[in-house]
4 protein chains.
Amino acid sequence: MNFASDNAGPAHPKVIEALGRANEGHVGSYGADPLTQGAADKLREVLGAPEAAVHFVATGTAANALALACLAEPWSAIFCAPAAHVHVDECNAPEFYTGGAKLIPVQGPDGKIGAASLEAAILAEETRGVHGPQRGPVTLTQATESGTTYSQSELEAIGTVAGRYGVKLHMDGARLANALAASNLAPAQMVERVAALSFGGTKNGLLGAEAVVLFDPELSWQFELRRKRAGHLFSKHRYLAAQMDAYLTDGLWMELASRANAAATRLSEGLVAQGYELAWPTEANMVFFRAPARVHEAAMAQGAVYHLWDEAGEENPDRPVTARLVCDWSKSDGEVDALLALFA
Amino acid sequence: MNFASDNAGPAHPKVIEALGRANEGHVGSYGADPLTQGAADKLREVLGAPEAAVHFVATGTAANALALACLAEPWSAIFCAPAAHVHVDECNAPEFYTGGAKLIPVQGPDGKIGAASLEAAILAEETRGVHGPQRGPVTLTQATESGTTYSQSELEAIGTVAGRYGVKLHMDGARLANALAASNLAPAQMVERVAALSFGGTKNGLLGAEAVVLFDPELSWQFELRRKRAGHLFSKHRYLAAQMDAYLTDGLWMELASRANAAATRLSEGLVAQGYELAWPTEANMVFFRAPARVHEAAMAQGAVYHLWDEAGEENPDRPVTARLVCDWSKSDGEVDALLALFA
Amino acid sequence: MNFASDNAGPAHPKVIEALGRANEGHVGSYGADPLTQGAADKLREVLGAPEAAVHFVATGTAANALALACLAEPWSAIFCAPAAHVHVDECNAPEFYTGGAKLIPVQGPDGKIGAASLEAAILAEETRGVHGPQRGPVTLTQATESGTTYSQSELEAIGTVAGRYGVKLHMDGARLANALAASNLAPAQMVERVAALSFGGTKNGLLGAEAVVLFDPELSWQFELRRKRAGHLFSKHRYLAAQMDAYLTDGLWMELASRANAAATRLSEGLVAQGYELAWPTEANMVFFRAPARVHEAAMAQGAVYHLWDEAGEENPDRPVTARLVCDWSKSDGEVDALLALFA
Amino acid sequence: MNFASDNAGPAHPKVIEALGRANEGHVGSYGADPLTQGAADKLREVLGAPEAAVHFVATGTAANALALACLAEPWSAIFCAPAAHVHVDECNAPEFYTGGAKLIPVQGPDGKIGAASLEAAILAEETRGVHGPQRGPVTLTQATESGTTYSQSELEAIGTVAGRYGVKLHMDGARLANALAASNLAPAQMVERVAALSFGGTKNGLLGAEAVVLFDPELSWQFELRRKRAGHLFSKHRYLAAQMDAYLTDGLWMELASRANAAATRLSEGLVAQGYELAWPTEANMVFFRAPARVHEAAMAQGAVYHLWDEAGEENPDRPVTARLVCDWSKSDGEVDALLALFA
């Protein structure tokens, strides 16, 4: 009963099969192969962005840090949510890749950036000329690290603020498929105001493949140089491309995200029915709920695997502790129900 | 007839199979899985280094740049061969990862660093106190980018010089298996004086997996932090580990290298028999030979794919041009002979 | 009536004279001159730190960024006050010099870091292994950017927390003399728990000279290399040393700080007597007070020069606006009273 | 008899006087003062560059590294002479400031870059797409570190090559005045093809002041941000400006350089008359000559202070050793003759 992460689950069998099919004969290396071109075209089509530059990397941190480095200067302030993966879970990768930009946490509801807070944060920069950092991009995570999603109106509000100050928008879409599966928006609508997108695949059924989409293709060559000097350009590039190609074929990516979301919904509803309180609404494939510490201990003792989100505090077994339960595409109803039984 | 690169060929089917086997159920992410531990243990055993820290990354450039960053300071001089991959083919990755170290080319025979030249280069640094860069590590490529290998006595001479000045040794072993297959040395002998090893797999039958071996395990945690902030820590780490595990099982890695070397030897001998001159001795899996420009043009027109090494010069079809022919593990005698026929 | 900054005022005439005296004949460059040795010795004596390494630079940002780079790793979190100069007024210099460390704002009273908040901030890091930044140094400004000072007990509380977690302490002492002049502490007491000190001079009567004091002399050589590669090693070093030497001779540094503090006290008391409210207590040489926007406009129209601290808000002439008034060593009672008259 | 460096001598008394005159009252900090504006205007006029951006820093390394960072990308190759100060004497400052660019030594006569070698070096880059560094700026030192100067035709040849490939030109003019004093060229002619100039003052009579001239003023703001985050923006900026202002007033800068050159010429001719051999022609204010080791030992024993350039080799007192003798503006004929007497 492993609900620790969508990184803990397997890749989808079709992706493994695609690797096998790709493993024939000799092709150009470093992306000069037909699979790479094809997969990039598919992603452009999915996003309704025929001119966008599409490049593949193997990890989400690489995607985010390289994308931000294309949008920020070393002397920039980058605006992000306090819990943004780029801020708390990438060991200063954005600072490394940008050459020293500063991440500015911006408050908002349910793990999201609020548009008004963003405007205040932007206005607080560039008030001292050369002395402070300069306004750089804003990055938002869709779906968020708290398992919530930005609505269309929230995206519009943030995009409007960003546009007002000439601030570019990066979207960390490590779970973009989950956000799409939870919404009525077409992909093109969801990324409408985005300058650079980290398009995730690894958390949703791939072995390790992400895309960076640069809607301004003039950034493409810079990205390629940054990727190469960071060691993120794969020589046998077809194996990245094959994953992404399988992902985007016949809607596999959306099917897997829908499955994961459905499992999380089932889990979330079950917990609420049992009287537990959610920390944030369950809008994608992650459930955050509060339970007494002893409940978590008991569940883990029976084999449940998941992360606690705030372990600090005195050693009172009744203290409420938030936990994160993540459903990947492979979670069955049975597995969800078995976990729920542990909390009953 | 693609002899462009060992990156152009397929992965070995056993490696694809290993990915399929690894794709079962949920495991710890970021390396906290049994396959990772097992593959690291196998590599420690192969190298006779039970205490060494072993970490996996997906590309050779990442392996080299991260390893060098653990051995060098931002104000270091790093000594390398003029044709070293880290110097000419990694788009300043070592400079990026070290925070600004300087690479100093050191001459030597057949694409190698010479021990006497290395000593002179080391002596030329730290002559001006704080003003110049400080002596940092030496990095050598085994087998070299010129298809040659360092002999045991050459390694000893370089190791002796390095040791005399407290200079640490990095080995770029992107083709270490090819070098081993060409020598009588055990792996432990070949890396005897090495502080950090980039242990290649991608060029020799994997999809994309390399190991960094730190013989001083105290560097391990620093490496892990550097890898994470560079975005090179795989979340679904088992898929890196599965490749490396298959590679090190039943001697697959040496078998594949031996096949590649044998193909290169056959090719090299065939070219010499036809009267062509080699640029450097064929000691691993790459052949560098000179032929009139028109010969290359004719071969390529008939479908041969490979790289020319010095295309400059006036447009004389009789001018000699060096070419590189690379044999990966999958090259059959028939394919070699077919290529030879084009040059006959 | 310029109260804009302690950077706006003149150097003390004794310092100019010292430059003239230093300007005789040929001496060793890059610090190999007797004046440099002498000035460093004087500072060691003043601080009661006979073993400390002392190095000179020309700017406070250089002092801070170089000192922090010696205490932090690129993957560190550096703990600072939200208004810390290093965070808001150095254009990402700490991020640049450390190679990408992250500054974490820590709340506290009156522009200071609070010990309890510091402990919470430290505890919030290193909760996720390799994924988040690692605990780095804490930096505090004494006197603060808000014109307040850390008391001995506050310094002890912070030092105790830092010590508990092995976190090193940097003190930005751009106005250390002002803090000392406001306290009963000896210099050695004030820096008792400090690992690296930026010892200011420029704001207190020098043209441009600061010292970095490393209480662990093992950091000295690293500092020298960092300073050189940053272009902060002066070739004609005697002119930095001459300033610092004059500063530390016959207590000039403390005399100038006392004068500046006295002027600020006079100004602060005058404003309070006129009914104005202080934003923070006046404990060093800066006064922060609130007045209606129209009062500031009127004062400036009559020639007062100073900075407003929060200019945002609707265009209501009665809205309260905080202003900063800085007294440097040269402010006379008459000048203070003339300014006060504008606010009467 | 100190001929060790032009950094070892005093500032000109007029410069000290200018500091005293500048030390009156309160002025804007960080360059917002009339002296700064005036000095920049004077330099623009001297260079015949009314549109150029002019910024001041305190050290030559800062000037060079900041200027190069404005012309290069982190993935650039920067072309320089093998003995360039930026390459061998700045402790990797260019690598630090550019974020990892690579310096490529280019051969040439007498410490200079040769135009043909430069073209070959440029052509050798960008042959491998994204894998190698990209062509960045060329930097030349005028006068060179070998005491020679580029002639107008040499500058034109280099400028033509650079222009052919879109490569920008940086000039390290730490001794630009000496080069001008040795030539018939007007300043505007000498910098005709230069994109960014490090205009030296420290080696020629100032305490510590250099200018960076950006002939494309669009680089100005980027420069200002880079300077600030590097800690090279002086708060009491008038003291940098006062030096530069005095330097450029009534031709002081050219007068001092002429004096230094004349002293070097007298010294060089004296040595040649005594039968010594020059390592390179004496064209500015430095003399490089060869003498048996025992001659240097004897001279130094009698109080001569200067640097040997190649101390390596066996301990034979008759072996020829090159020495560098530097004349700053303050060298009198008597001092030169006294030194010559030691070599007689």
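**Symmetry, sheet and interface in the predicted model**

Chain C drops onto chain B with an RMSD of 0.0 Å after a turn of 180° and a shift of 0.0 Å along the axis. The two copies are thus related as by a two-fold rotation axis. All of this refers to a predicted model. Within chain C, the residue that comes closest to the rotation axis is Gly99(C), with its C-alpha at 3.4 Å. How the copies meet fits in here too: 100% of the interface residues of chain C are also interface residues in chain B, so the copies meet through the same surface.

Turning to the fold of chain C, 7 strands make up an open sheet with mixed pairing, and their order runs S1-S7-S6-S5-S4-S2-S3. Strand S1 (53–57) and strand S3 (102–105) of chain C sit at the edges, each pairing on one side only. On average, neighbouring strands of this sheet are turned by 20° against each other, direction ignored. One of the pairings joins strand S6 (residues 196–199) and strand S7 (residues 210–214) of chain C, which run in the antiparallel sense over 4 bridges. There, Leu197(C) faces Val213(C) of S7(C), the two standing opposite each other. Helix H11 (residues 238–248) of chain C packs on the sheet and touches S1, S6 and S7 of chain C. The direction of H11 makes about 115° with that of S1(C), and S1 is also one of the edge strands of the sheet.

The contact between chain B and chain A involves 48 residues of chain B and 48 residues of chain A. Together the two chains bury about 3900 Å², with carbon and sulfur atoms giving 58% of that area. Three residues, His26(B), Phe96(B) and Lys236(B), supply 21% of what chain B buries against chain A, more than any other three residues. As for polar features, the rule finds 0 salt bridges across the interface of chain B and chain A, whereas 31 residue pairs are in polar contact, both residues being at pLDDT 80 or more.

Which elements of chain B give two or more residues to the side that touches chain A? They are helix H1 (13–22), helix H3 (60–71), helix H5 (93–98), helix H10 (220–229) and helix H11 (238–247) of chain B. Among these helices, H1(B) provides the largest share of the side of chain B that touches chain A, with 4 residues.

Note on methods. Residues numbered from 1 in each chain as written. Chains lettered and ligands numbered in written order. Predicted model: local features only at pLDDT ≥ 70, side-chain atom pairs only at ≥ 80, totals over all residues. Heavy atoms only, no water. Least-squares fit on C-alpha atoms with pLDDT ≥ 70 in both. Contact = heavy atoms within 4.5 Å. Pairing = 2+ DSSP bridges. Axes fitted to C-alpha atoms, helices over the stretch in contact; angles between N-to-C directions. Buried area = accessible area lost by both parts, 1.4 Å probe. Salt bridge = Lys/Arg side-chain N within 4 Å of Asp/Glu carboxyl O. Polar contact = N/O pair within 3.5 Å; in protein donor to acceptor, adjacent residues only side chain to side chain.
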